[in-house]
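Please open the model in your viewer and set the side chains to sticks, so that charged pairs can be selected one after another.

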Amino acid sequence: MEDLKKAAETNIKEYGFPVTIDEKSGALQWVDMRELNVRYIISIENLQEFYEGLREEKLLATKCRKCNELYFPPQKDCPKCMISEMEWVELKKDGVLETLTVIFVRPPSFSNYEPYAVAIARLDDGVRVTAWLNGDPEKVKPGDRIKIEVSRRKEGYLMYEIVPVEG
Ligand SMILES: [Zn+2]
(Lines give C-alpha, C1' and ligand atoms only; values in the text may rest on other atoms or scores of the structure.)
Protein backbone atom coordinates (compact mmCIF):
# COMPACT_ATOMS: atom_id res chain seq x y z
CA MET A 1 0.00 0.00 0.00
CA GLU A 2 2.88 2.36 0.84
CA ASP A 3 4.55 1.54 -2.50
CA LEU A 4 1.33 2.32 -4.26
CA LYS A 5 1.09 5.64 -2.49
CA LYS A 6 4.70 6.52 -3.36
CA ALA A 7 4.17 5.60 -7.01
CA ALA A 8 1.03 7.69 -7.10
CA GLU A 9 2.85 10.66 -5.54
CA THR A 10 5.61 10.35 -8.13
CA ASN A 11 3.05 10.26 -10.91
CA ILE A 12 1.28 13.32 -9.56
CA LYS A 13 4.55 15.22 -10.10
CA GLU A 14 5.43 13.67 -13.43
CA TYR A 15 2.04 13.09 -14.98
CA GLY A 16 -0.37 15.27 -13.08
CA PHE A 17 -2.58 12.59 -11.62
CA PRO A 18 -2.28 9.98 -8.83
CA VAL A 19 -2.39 7.05 -11.21
CA THR A 20 -0.48 3.77 -11.31
CA ILE A 21 -0.54 0.62 -13.36
CA ASP A 22 -2.18 -2.39 -11.70
CA GLU A 23 0.47 -5.12 -11.41
CA LYS A 24 -1.91 -7.95 -12.23
CA SER A 25 -4.06 -6.56 -15.01
CA GLY A 26 -1.85 -3.78 -16.36
CA ALA A 27 -4.85 -1.48 -16.13
CA LEU A 28 -4.45 2.17 -15.29
CA GLN A 29 -5.80 2.89 -11.82
CA TRP A 30 -6.50 5.98 -9.77
CA VAL A 31 -5.03 5.90 -6.26
CA ASP A 32 -7.06 8.09 -3.96
CA MET A 33 -4.66 10.20 -1.90
CA ARG A 34 -7.10 10.45 0.98
CA GLU A 35 -6.77 7.54 3.33
CA LEU A 36 -9.89 6.23 4.91
CA ASN A 37 -9.52 5.14 8.51
CA VAL A 38 -12.70 3.54 9.71
CA ARG A 39 -13.43 2.17 13.14
CA TYR A 40 -16.79 0.49 13.40
CA ILE A 41 -18.78 0.94 16.54
CA ILE A 42 -21.72 -1.38 16.77
CA SER A 43 -24.34 -1.35 19.49
CA ILE A 44 -24.40 -4.54 21.53
CA GLU A 45 -26.98 -3.28 23.95
CA ASN A 46 -29.01 -6.18 25.35
CA LEU A 47 -26.47 -8.65 24.00
CA GLN A 48 -24.17 -8.67 27.02
CA GLU A 49 -25.23 -12.23 27.84
CA PHE A 50 -23.88 -13.38 24.52
CA TYR A 51 -20.42 -12.00 25.26
CA GLU A 52 -20.52 -13.27 28.83
CA GLY A 53 -21.34 -16.67 27.34
CA LEU A 54 -18.35 -16.55 25.00
CA ARG A 55 -16.12 -15.88 28.01
CA GLU A 56 -17.31 -19.23 29.37
CA GLU A 57 -16.95 -20.87 25.94
CA LYS A 58 -20.71 -21.02 25.56
CA LEU A 59 -22.53 -20.13 22.37
CA LEU A 60 -25.80 -18.42 23.22
CA ALA A 61 -28.80 -17.74 21.03
CA THR A 62 -32.08 -16.04 21.80
CA LYS A 63 -35.38 -17.88 21.61
CA CYS A 64 -38.81 -16.32 21.22
CA ARG A 65 -41.02 -17.22 24.15
CA LYS A 66 -44.09 -17.18 21.89
CA CYS A 67 -43.09 -19.05 18.71
CA ASN A 68 -39.91 -20.77 20.01
CA GLU A 69 -37.86 -19.59 17.02
CA LEU A 70 -34.13 -19.57 17.71
CA TYR A 71 -32.05 -16.60 16.62
CA PHE A 72 -28.34 -16.67 16.00
CA PRO A 73 -26.65 -14.25 16.06
CA PRO A 74 -28.97 -13.42 18.94
CA GLN A 75 -31.68 -10.86 18.37
CA LYS A 76 -33.51 -9.00 21.07
CA ASP A 77 -36.84 -9.02 19.22
CA CYS A 78 -38.73 -11.68 17.29
CA PRO A 79 -39.45 -10.24 13.84
CA LYS A 80 -42.22 -12.81 13.33
CA CYS A 81 -44.16 -12.09 16.52
CA MET A 82 -43.05 -8.46 16.87
CA ILE A 83 -42.34 -9.00 20.55
CA SER A 84 -39.29 -8.68 22.78
CA GLU A 85 -40.06 -11.59 25.07
CA MET A 86 -36.92 -13.55 24.36
CA GLU A 87 -34.94 -15.96 26.46
CA TRP A 88 -31.29 -16.97 26.28
CA VAL A 89 -30.51 -20.55 25.37
CA GLU A 90 -27.17 -22.30 25.08
CA LEU A 91 -26.55 -23.96 21.73
CA LYS A 92 -24.86 -27.31 21.35
CA LYS A 93 -21.68 -26.53 19.52
CA ASP A 94 -21.95 -29.35 16.99
CA GLY A 95 -23.24 -29.34 13.45
CA VAL A 96 -22.44 -29.85 9.79
CA LEU A 97 -20.54 -27.73 7.32
CA GLU A 98 -22.78 -26.30 4.61
CA THR A 99 -20.39 -24.23 2.54
CA LEU A 100 -17.23 -22.19 2.68
CA THR A 101 -15.30 -19.67 0.68
CA VAL A 102 -11.66 -18.64 0.85
CA ILE A 103 -11.11 -14.89 0.90
CA PHE A 104 -7.98 -14.00 -1.04
CA VAL A 105 -8.77 -10.35 -1.60
CA ARG A 106 -9.18 -9.13 1.95
CA PRO A 107 -10.96 -5.99 3.01
CA PRO A 108 -8.51 -3.35 4.34
CA SER A 109 -9.34 -4.17 7.97
CA PHE A 110 -8.17 -7.78 7.40
CA SER A 111 -5.19 -6.93 5.21
CA ASN A 112 -2.75 -8.10 7.89
CA TYR A 113 -4.23 -11.61 7.72
CA GLU A 114 -3.30 -14.41 5.35
CA PRO A 115 -6.15 -15.50 3.06
CA TYR A 116 -8.82 -17.01 5.30
CA ALA A 117 -11.83 -19.24 4.93
CA VAL A 118 -15.30 -18.17 5.97
CA ALA A 119 -17.70 -21.05 6.49
CA ILE A 120 -21.39 -21.51 7.08
CA ALA A 121 -22.45 -24.37 9.31
CA ARG A 122 -25.84 -25.60 10.42
CA LEU A 123 -25.80 -26.53 14.07
CA ASP A 124 -27.75 -29.53 15.31
CA ASP A 125 -30.00 -27.03 17.10
CA GLY A 126 -31.10 -25.77 13.68
CA VAL A 127 -29.43 -22.37 13.48
CA ARG A 128 -26.86 -21.33 10.89
CA VAL A 129 -23.54 -19.95 12.02
CA THR A 130 -21.18 -17.97 9.80
CA ALA A 131 -17.62 -17.86 11.08
CA TRP A 132 -14.02 -18.30 10.12
CA LEU A 133 -12.95 -21.86 9.46
CA ASN A 134 -10.10 -23.05 11.64
CA GLY A 135 -8.82 -25.87 9.47
CA ASP A 136 -7.69 -26.67 5.95
CA PRO A 137 -10.43 -25.58 3.52
CA GLU A 138 -9.07 -28.09 0.97
CA LYS A 139 -9.76 -31.00 3.28
CA VAL A 140 -13.40 -30.41 4.13
CA LYS A 141 -16.63 -30.71 2.17
CA PRO A 142 -20.28 -29.86 2.71
CA GLY A 143 -21.87 -32.31 5.13
CA ASP A 144 -18.74 -32.83 7.21
CA ARG A 145 -19.20 -32.68 10.98
CA ILE A 146 -17.91 -29.53 12.66
CA LYS A 147 -17.84 -28.01 16.09
CA ILE A 148 -17.81 -24.45 17.28
CA GLU A 149 -14.86 -23.38 19.34
CA VAL A 150 -14.24 -20.14 21.15
CA SER A 151 -10.75 -18.82 20.57
CA ARG A 152 -8.76 -15.64 20.69
CA ARG A 153 -8.31 -13.82 17.43
CA LYS A 154 -5.07 -12.19 16.35
CA GLU A 155 -6.35 -8.90 17.78
CA GLY A 156 -6.66 -10.59 21.17
CA TYR A 157 -10.40 -10.72 21.59
CA LEU A 158 -12.62 -13.77 21.95
CA MET A 159 -14.63 -15.05 18.99
CA TYR A 160 -16.17 -18.30 17.84
CA GLU A 161 -14.90 -20.28 14.89
CA ILE A 162 -15.89 -23.36 12.93
CA VAL A 163 -13.56 -26.33 13.41
CA PRO A 164 -13.78 -29.54 11.35
CA VAL A 165 -14.17 -32.70 13.44
CA GLU A 166 -11.66 -35.38 12.51
CA GLY A 167 -12.95 -38.63 11.07
ZN1 LIG B 1 -41.71 -15.30 17.82
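Is Glu69 buried, partly exposed or exposed, and what is its relative accessible area? In this predicted model, Glu69 is partly exposed, with a relative accessible area of 30%. Keep Glu69 selected and add Lys80, since the side chains of these two residues meet in a salt bridge, with 2.6 Å from N to O, where the definition allows such a pair to lie within 4 Å. The pair links distant parts of the chain, for Glu69 sits in the loop between strand E3 (60-64) and strand E4 (70-71), whereas Lys80 sits in the loop between E4 and strand E5 (86-90), 11 residues apart. Lys80 is exposed, its relative accessible area being 57%.

Next, select Glu56 together with Lys58, which form a salt bridge whose closest N and O atoms are 3.2 Å apart. Here Lys58 is partly exposed, and its relative accessible area is 29%.

Then move on to Asp136 and Lys139, another salt bridge, in which the closest N and O atoms are 3.9 Å apart. If you colour by accessibility, Lys139 should appear as exposed, with a relative accessible area of 68%, while Asp136 should appear as partly exposed, with a value of 32%.

Finally, select Glu98, Arg122 and Arg128 as one group, and you will have a network of salt bridges that links these residues. To place these stops in context, the structure holds 13 salt bridges, among them the pairs Glu69 with Lys80 and Glu56 with Lys58.

Notes:
Residues are numbered from 1 along each chain as its sequence is written. This is a predicted model: local features need pLDDT of at least 70, side-chain atom pairs count only at pLDDT 80 or more; totals for chains, interfaces and linings use all residues. Side-chain values use heavy atoms; hydrogens and water are left out. Buried means under 20% relative accessible area, exposed over 50%, partly exposed in between (1.4 Å probe, protein chains only). Helices (H or I, at least four residues) and strands (E, at least two) are DSSP runs, numbered from the N terminus.
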